[in-house]
Amino acid sequence: MKFFIDTANLDQIKEAQEFGILDGVTTNPSLMAKEGITGAENIINHYKTICDIVDGDVSAEVIATDFDGMVREGESLAALNPQIVVKLPMIADGVKACKYFSDKGIKTNMTLVFSAGQALLAAKAGATYMSPFIGRLDDISTDGLGLISEIRLIYDNYGYETQILAASVRHTMHIMDCAKIGADVMTGPLSAIKGLLKHPLTDIGLAQFLADYKKGN
Ligand code: G3P
């Protein structure tokens with residue numbers, strides 16, 4: 001399972017990279033705005049900085065909502081660095097743009113996926129990644145993890161290579177449930193990733209080992 005961090009915060013990206021378990025980064029316009037990164041030039045420079053910090057794929061979202069605009073923006077984003085994955089919204093022109101980019105060998109991430117039908121379209125358009133937002137479904141009393149299971153079944157039925165990127169992951173149990181279901185990738189906050197580390201018996205056991213070592217030395 002690949003681990004992506006879902007943030008534009010450089011300190012958190014660095015910390016996750018140094019932790020040694022990071023496979024990539026996802027961002028979106030809201031995450032950029034949260035870090036105070038505004039304006040096309042600053043956003044482009046921020047993507048370049050993120051690519052310098054991490055080794056893996058970095059999703060960069062287009063702002064255009066028409067096919068020509070998405071192609072123009074996506075091509076200039078992809079030209080920044082081979083790590084860039086062009087992130088496209090799950091609308092008709094986004095699907096068309098996804099097919100355009102996948103035919104050219106440019107990596108794509110279809111975002112704002114909330115149904116298995118949308119996931120099927122993303123796979124048919126050759127998306128590299130497809131991002132169902134599980135937390136936002138949970139927010140409206142709809143089973144986000146259930147959607148991941150449904151998509152896993154459909155993709156396995158036909159051997160689609162599009163990777164299920166579980167997004168809008170909010171906490172550690174989301175990560176564990178996605179791993180059990182077989183999501184290919186999860187993207188979430190650093191706090192959810194670090195939550196995997198915690199177990200009181202690890203801390204108690206280590207303290208005991210150190211205490212016993214000291215007795216004999
Ligand atoms: O990866 C998608 C994500 O950025 C949305 O997360 O927590 O705003 O639903 P959230």
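Me: Where is Tyr-155 found?
Reply: Tyr-155 is found in helix 8, residues 144-158. Helices (H or I, at least four residues) and strands (E, at least two) are DSSP runs, numbered from the N terminus. Please keep in mind that this is a predicted model: local features need pLDDT of at least 70, side-chain atom pairs count only at pLDDT 80 or more, and totals for chains, interfaces and linings use all residues. Residues are numbered from 1 along each chain as its sequence is written, and side-chain values use heavy atoms, leaving out hydrogens and water.

Me: Why is Tyr-155 called buried?
Reply: Buried means under 20% relative accessible area, exposed means over 50%, and partly exposed is in between (1.4 Å probe, protein chains only). Tyr-155 has 0% relative accessibility, so it counts as buried.

Me: Why is Phe-67, in helix 4, called partly exposed?
Reply: The relative accessible area of Phe-67 is 22%, which lies between the two cut-offs, so partly exposed is the right word. Helix 4 covers residues 67-78.

Me: What about Ser-168: buried or exposed, and why?
Reply: Ser-168 is buried, because its relative accessible area is 11%, under the 20% limit. Ser-168 sits in the loop between strand 7 (163-166) and helix 9 (172-181).

Me: What makes the link between Ser-168 and Arg-136 a polar contact?
Reply: A polar contact is a pair of N or O atoms within 3.5 Å; within protein, one must be able to donate a hydrogen and the other to accept it, and residues adjacent in sequence count only if both atoms are side-chain atoms. A polar atom of the Ser-168 side chain lies 3.2 Å from the backbone nitrogen of Arg-136, so the distance is within the limit.

Me: Which residues surround the ligand, and what makes them near?
Reply: They are Asp-6, Asn-28, Leu-31, Phe-133, Arg-136, Ala-167, Ser-168, Arg-170 and Thr-187. A residue is near a molecule if one of its heavy atoms lies within 4 Å of it.

Me: What makes Asp-6, Asn-28 and Arg-136 polar contacts of the ligand?
Reply: Polar side-chain atoms of Asp-6 and Arg-136 each lie 2.7 Å from an oxygen atom of the ligand, and for Asn-28 the distance is 2.9 Å. These distances are within 3.5 Å, so they fit the definition.

Me: How many residues of this shell are nonpolar, polar and charged?
Reply: The shell divides into three nonpolar, three polar and three charged residues. Asp, Glu, Lys and Arg count as charged, Ala, Val, Leu, Ile, Met, Phe, Trp, Tyr, Cys and Pro as nonpolar, and the others, Gly among them, as polar.
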